[in-house]
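Here are some short exercises to work through with the structure in front of you. Try each task before you read its solution.

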Amino acid sequence: MGRESFTHLDLAYALETAIGKSMKIAEVDPKMYQVRLEPFSETNFELAMQKYVKNGNNGEDAVTKTDFETVLGHPLMPLANAAKSIL
């Protein structure tokens with residue numbers, strides 16, 4: 001993993017902070033997520049990745065939360081700042 005983990009909701013709130021506006025944020029159950037994603041996916045790769053991540057223990061425990069920062073040579077920026085830098 002290499003950093004503190006975050007959820008899709010965490011990312012949504014970070015995006016709100018980054019753009020400085022409120023958004024309608026709602027959790028979507030996995031089946032509804034799949035239904036909404038399928039029309040935009042030709043290969044279903046995204047759905048396979050969601051299943052892979054959801055099954056857990058995909059090597060996350062093999063690294064510490066600071067490994068990525070060590071490789072970079074500096075701390076990671078807060079999620080909202082990272083989102084703003086991309087936007």
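A residue is called buried when its relative accessible area is under 20%, exposed when that value is over 50%, and partly exposed in between. Keep in mind that this is a predicted model.

**Exercise 1. Getting an overview**

Find out how many helices and strands the protein has, and in what order its elements run.

Solution. Start by counting: the protein has five helices and zero strands. Next, walk along the chain from the N terminus, and the elements read α-α-α-α-α. Finally, look at burial: of the 87 residues in the protein, 13% are buried.

**Exercise 2. Classifying three residues**

Decide whether methionine 32, leucine 9 and glycine 20 are buried, partly exposed or exposed.

Solution. Take the residues one by one.

- Methionine 32 sits in helix α2, which covers residues 30–37. Its relative accessible area is 36%, so methionine 32 is partly exposed.
- Leucine 9 belongs to helix α1. Leucine 9 has a relative accessibility of 25%, so it is partly exposed too.
- Glycine 20 is in the loop between α1 (8–19) and α2. With a relative accessible area of 63%, which is over the 50% cut-off, glycine 20 is therefore exposed.

**Exercise 3. A patch on the surface**

Which residues form a nonpolar patch on the surface together with Met32?

Solution. The partners of Met32 are Val28, Tyr33 and Val35. Together, the four residues of this patch have about 320 Å² of accessible area.

**Exercise 4. Describing helix pairs**

Describe how α2 packs with α3, and how α1 packs with α5.

Solution. Two packed helices are described by the angle between their axes and the distance between the axes.

First pair: α2 and helix α3 (residues 45–55) meet at an angle of about 160 degrees, and their axes are 10 Å apart. Angles over 145 degrees count as roughly antiparallel, so α2 and α3 are roughly antiparallel to each other. Their crossing is right-handed.

Second pair: α1 and helix α5 (residues 79–86) pack at about 60 degrees, with 8 Å between their axes. The two helices, α1 and α5, are therefore oblique to each other. The crossing of α1 and α5 is right-handed.

**Exercise 5. Sequence and space**

What distance separates the C-alpha atoms of glycine 20 and lysine 84, and of leucine 9 and isoleucine 25?

Solution. Glycine 20 and lysine 84 are 64 residues apart along the chain, and their C-alpha atoms are separated by 9.7 Å. For leucine 9 and isoleucine 25, 16 residues apart in sequence, the C-alpha to C-alpha distance is 7.6 Å.

Terms used: Residues are numbered from 1 along each chain as its sequence is written. This is a predicted model: local features need pLDDT of at least 70, side-chain atom pairs count only at pLDDT 80 or more; totals for chains, interfaces and linings use all residues. Side-chain values use heavy atoms; hydrogens and water are left out. Patches are made of residues with over 30% relative accessible area and no salt bridge: like charges are joined within 9 Å, nonpolar side chains (Val, Leu, Ile, Met, Phe, Trp, Tyr) within 5 Å. Accessible areas come from the Shrake-Rupley method with a 1.4 Å probe; for residues, only the protein chains shown count as cover. A salt bridge is a side-chain nitrogen of Lys or Arg within 4 Å of a carboxyl oxygen of Asp or Glu. Helices (H or I, at least four residues) and strands (E, at least two) are DSSP runs, numbered from the N terminus. Buried means under 20% relative accessible area, exposed over 50%, partly exposed in between (1.4 Å probe, protein chains only). Axes are lines fitted to C-alpha atoms, for helices over the stretch in contact, and angles run from 0 to 180 degrees between N-to-C directions. Angles under 35 degrees count as roughly parallel, over 145 as roughly antiparallel, 65 to 115 as roughly perpendicular and the rest as oblique. A crossing is left-handed if the near helix is turned anticlockwise from the far one by less than a right angle, and right-handed if clockwise.
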